[in-house]
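Me: I am new to this structure and should be grateful for a close look at a single part of it. Please begin with one pairing between strands, follow that strand to its surroundings, and then set it beside other parts of the chain.

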Amino acid sequence: MASLGQSKSVISDFMKKKKKEDGSSFEEGMLKLLRTLPKVLKYLPGDKAKDAKSFMMSFQYWLGGSPENLESLLLMVADNYVTGVTGQDLVNVEDIVDPILLPDKGIWHPLAPHVFEDVTEYLSWYNNEHAPALGIDASNAPTVGLILQKSHINTKDECHYISMIAELESRGSRVICIYSGGLDFSGPVNEYFYAKGSSDAEVDSVINLTGFALVGGPASQDHPKAIETLARLDRPYLCAVPLVFQSSEEWRKSELGLHPIQVALQVSLPELDGAIEPVIYAGREAATGRSAPLADRIQILADRALKWGNLRRKENVDKKLAISVFSFPPDKGNVGTAAYLDVFSSIRAVLTELKRKGYTIGEIPETTEEIVDMILNDKEAKFDSPTLNVAYSMPVSEYEELTPYAKDLEENWGPAPGHLNTDGTNMLVFGKQFGNVFIGVQPTFGYEGDPMRLLFSKSASPHHGFAAYYTYVEKIFKADAVLHFGTHGSLEFMPGKQVGMSGECYPDRLIASLPNLYYYAANNPSEATIAKRRSYSATISYLTPPAENAGLYKGLKELGELVSSYKGLRENESRGPSIVNSIVASARTCNLDKDIIDLPELEDDSKTMSLDERDSVVGKVYRRLMEIESRLLPCGLHTVGVPPTAEEAIATLVNIAQLDRPEDGFKGLPRLIGESIGKNIDDIYRGNNNGVLADVELLNKITNANRAAVRASVESSTNSDGRIVEVNTAFKGVGQMFSALSGGSPWKKALQAEGFDVSEEALTPLFDYIEFCLKQVVADNELGAMVDALDGKYIIPGPGGDPIRNPDVLPTGKNMHALDPQSIPTTAAVDCATVVVDRLLDRLKQDNGEYPESVAFTLWGTDNIKTYGESLAQVLILVGVRPVPDALGRVNKLELIPLEELGRPRIDVVVSCSGVFRDLFINQMALLDRGVKMAAEADEPLKDNYVRKHAMEQAEEMQCSIREAATRVFSNSAGSYSANVGLAIENGGWEGEQQLQEQFLNRKGFAFNSDKPGQMDSAADMFKNALKTVDCTFQNLDSSEISLTDVSHYYDSDPTKVVAGLRNDGKKPSAMMADTTTANAQVRSLGETVRLDARTKLLNPKFYEGMLASGYEGTREITKRLRNTMGWSATSGDVDNFIYEDANDVFIADPAMQQRLLETNPNAFRDMVTTFLEANGRGYWDTSDENIERLQELYQEVEDRIEGVM
């Protein structure tokens, strides 16, 4: 058996090697061999080859698939093997015809005389015979390439293909329809989409009608090969989807839309190839199972493919582009919102590049401020004022004529024009036209200030103003494409199916036939994927701003200096205790006593302490200071097309260098430095986390050495302006000859200067990788990709996520995708998750004296993409279930970890999945549900299995089965997103915390059940019952770019006060946060995390000065963080009073700062003042009457300024 296994492995390896070397030609050769063998076998004597020949003939008949082939197959088998038929001359052998086989690959057309195997012959027939018969001008017609499945042609189940061909040809387009007998279509693409001897493709756009990845189909994909093929082709590549597991009627009725298995196989996998537009174009007849075209979907697919192709054919001077900017919350001070993007500076860069490329732009304003003024007209006016620049006034009659679904909106918004984006008579489209480019302001959802809509709305439809905007862009302005600018707008979150839009879904209705480009932040692949699937966007990733270390400032800096003094005088019995006393006093002034529970009181004298006790106090303070100082924060805002400087690249590279990358074969720099002095970095991390002074100091030295070494590497490639023009690799080769003489590489010397001697051999793999990453960080294709897309070219795909964890995210300017959802959680993610779960349980046991019985989790789409499923794995580990990957690395099995191995009780969980997680990872939701129910049904003592304990209690209370009572996976209803808590707080549209809690329970209380996949059932009572046992609420932070107050998402899904209101004892649960933004994973309380976030961002001069340098948009970013801080007060109560007080001192008490904020963005400044007053009014901030009076006066002053009184 060992030898057989080895032989099989050798053959398998050979087959894989040959396939990799020869590509599709190897697959095609194997098919030819199958076709030839029966002809050879028939010459063997007697019956020796009878069975082999019968098998091969049967296989060919089966591959042929047609009714004639299947008839011959049955007759042959009957004649040779069926008792009572064999040897009885009951079968006329003349009826057993040879297999009728199509060529293994070719060009097919339903009206062609035969399948063509030569593109020249096909084009000759098409252009000279077929096209003239249809009235198509072959010399000037657009051409669409179609990729088909041979099996459908074989079996004559090609009605959906014929319908697509007929639709395109009826619009005057040529088609080239290719197929392959195998699952590798790269060969036919390379052979048939090019005229003989030409390197320029014959097609203008391509639609893959199989719905599968280009190479490998659903089983084993070769995405690099597919990308290479498509990049050479360089045409828009659409991958449309035929329904497989649903009838057309089932799909139309489904809120989820496309079946989850098809989403994984025929949407997620093609996206890795760079495919766009997963339009459902065919269904299944319920009675026969045959493919049936969906007429309206065929039409929209044809429209979109031709419009994408038209971008290539149309001259730039004639092309029209609509740029959509966003405004959220709806206020003049928020026009041009986008995550970490300087929108208007970026738009100016886009306009400049388009003009350079020959677009009709007209005069481009010299400054960004002029563009802002031209779009807003008067940015000091109210948002709903006509003085926001009105680009077009649309009469209601025109709107209703051009918007076929206008009447459908009346159920939610009444008759047009409604009350939004209107002057009471006409629909108003806001924006400004620059030649052939229209910059428009996308309307908002419309229900932000309505408490009842926030509570119950599934966003039942866009309002009339929203619909009128897109009607204008497509049918009046007549844009050739639309560019949505920055993360993110509202289009992709409009109501409709999760995936697989129908003509009734509003994203599909609104975008209609417009090619949709979308600048999206590279660190947000989950929401970018929603935009790709629901609004058919081709995403173009952009960098988030360069990161810097937060540093220390004001009292924190002074405290750091005291610690430095102590390190030199710690053994001085006179000075040492005195400095410790000063450290304690200064730490309390900086409110660090809230983070260091056992910090001595002011009246305590450290002279009474031993040296070790003093070291312990200083170590704990020092640790907190270094935690603040080393935390990464993005500074300023990114401008599209502007790469980072050398200095700006360093902090990112330092954090890339700190991570171990076993899959790439090298260790992180902190680990290498630790090993050079005989230390394990994990032990140093542990000591640092416990405040051991020696370890805190050593870790600080290692951190500084890490920075110095990376800086040395970067500076070797920096020009005199501080910019990296190209990475200098000259040190390699000739330079290495002199390295020994000169003391080694620049990074080795830098480490030696910091007191660490690490071998060149150990450093080389890591710094080769750092140099590679540097090339990616400074590469710039954000404008280039946009121009290419507008030229009708293919955008190279790439993963989205955290560039520190996965530098393949870089360079930006890629068509961003997520990952294969079936591949998570990975083994590495499970290992990391285990560390976090252990630290969480240790912390909770330390704080509360016992393990929690139930933990409430929030699962995010982007987080699980970035970490390859770490938080997903955390849930499974808490429950005591192990994910089991198959041979392909896909996770679809689970096993219960024995209690003996687990070493603790199984912890119950309540999982609230974001709407985006639900859309992207519905199969993983099934995995979670199965895991929890597996634990609930395990026959184990209740003291060791809290899942079973609670399920049994709830089953009795709710009179249902234990399995049903173990429902623990919840989300929004299909097509709905968020709890709307963030919307209410951002707009001030909430009456009290009870309303926010009801919103959370009503909107997030839809249960997923793996026993009934494909639906989300309202289960608010089940949700409440599960939450009332929760002892701890828990979320993850996995990226330095997005933290607690950067976005509203985190507090929007925080159930801390919800749980307190549901628990029988009314006790507030522990609220915890995991922080895996560095190699030293931390678990902190929510309060600790809020304080750390405030100290490193909102209150940090490095952060707010960086933002203010961006002017109008920077002021808005500061205000947003203050309001998000108040959001945490509302949902958790874990925001300390000093945060508001210190923020007031920074932004309000300083007259000079007041003036800066007022001048740059008066509307955003008014919102800041309002937030302070609201925080006080709601009881979240206790302050002096003087502060409140100043704020009230300031509010009136700003209001007068905005209204033009002053």
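Reply: The bridge partner of S324 in strand β13 is H484. The model in which this pairing appears is a predicted one. S324 is part of strand β9, which covers residues 321-325. Strand β13 comprises residues 481-485, and four bridges join it to β9, the two strands running parallel.

Strand β9 has a further partner. With β12, residues 437-441, it pairs over five bridges, again in the parallel sense. Within that pairing, A322 of β9 is set opposite F438 of β12. In general, strands of a sheet pair through backbone hydrogen bonds, in either a parallel or an antiparallel manner.

How many of the residues of β9 are buried? Five of the five are, so the strand is largely enclosed by the rest of the structure. Here a residue is called buried when its relative accessible area is under 20%. As a general matter, the side chains of a regular strand alternate between the two faces of the sheet. In β9, L321, I323 and V325 are on one side, and A322 and S324 are on the other. Both faces of the strand are covered, as the residues on each side are all buried.

The loop that lies before β13 deserves a brief remark. K478 is located there, between α18 (464-476) and β13. Although K478 is not a glycine, its phi is positive, at about 60 degrees. Is K478 buried or exposed? Its relative accessibility is 52%, so it counts as exposed, whereas the residues of β9 are buried. A positive phi is also found in Q959, again a residue other than glycine, with a value near 55 degrees. Q959 lies in the loop between α39 (946-958) and α40 (962-965), and it too counts as exposed, because its relative accessibility is 68%.

Two loops contain a cis peptide bond. One is the bond from A416 to P417, with omega near 10 degrees; P417 belongs to the loop between α16 (410-413) and β11 (426-434). The other runs from L810 to P811, with omega near -5 degrees, and P811 is in the loop between β18 (797-799) and β19 (815-817).

A separate set of strands may now be placed beside β9. Five strands form an open sheet of mixed pairing, in the order β1-β3-β2-β4-β5. At its edges are β1 (105-107) and β5 (237-239), each of which pairs on one side only. From one strand to the next, the twist averages 20 degrees. Strand β4, residues 205-208, pairs with β5 over three bridges in the parallel sense, and V206 stands opposite Y237 of β5. Helix α7, residues 159-170, packs on this sheet and touches β2 (143-149), β3 (174-180) and β4. The direction of α7 makes about 180 degrees with that of β2. Helix α12, residues 295-313, lies across β2, β4 and β5, and runs at about 145 degrees to β4.

Another residue to locate is V244, in the loop between β6 (241-242) and α10 (248-253). V244 is partly exposed, as its relative accessible area is 37%. Apart from its neighbours within four places in sequence, V244 is in contact with Q262, Q266 and R284. Its C-alpha atom is separated by 36 Å from that of A951, which is 707 residues away along the chain.

Finally, there is a pair of helices. Two packed helices are described in general by the angle and the distance between their axes. The axes of α3 (residues 50-64) and α4 (residues 67-81) come within 8 Å and cross at roughly 160 degrees. That angle makes α3 roughly antiparallel to α4, and their crossing is left-handed. On the side of α3, the contact is made by K50, D51, S54, M57, S58, Y61, W62 and G64; on the side of α4, by N69, L70, S72, L73, M76, V77, N80 and Y81. By character, the residues of this contact divide into eight nonpolar, six polar and two charged.

To return to the starting point, β9 is a strand with both faces covered, paired in parallel with β12 and running parallel to β13.

Conventions. Residues are numbered from 1 along each chain as its sequence is written. This is a predicted model: local features need pLDDT of at least 70, side-chain atom pairs count only at pLDDT 80 or more; totals for chains, interfaces and linings use all residues. Side-chain values use heavy atoms; hydrogens and water are left out. Axes are lines fitted to C-alpha atoms, for helices over the stretch in contact, and angles run from 0 to 180 degrees between N-to-C directions. Angles under 35 degrees count as roughly parallel, over 145 as roughly antiparallel, 65 to 115 as roughly perpendicular and the rest as oblique. A crossing is left-handed if the near helix is turned anticlockwise from the far one by less than a right angle, and right-handed if clockwise. Contact means heavy atoms within 4.5 Å. Ala, Val, Leu, Ile, Met, Phe, Trp, Tyr, Cys and Pro count as nonpolar, Asp, Glu, Lys and Arg as charged, and the others, Gly among them, as polar. Buried means under 20% relative accessible area, exposed over 50%, partly exposed in between (1.4 Å probe, protein chains only). Two strands pair if DSSP finds at least two bridges between them.
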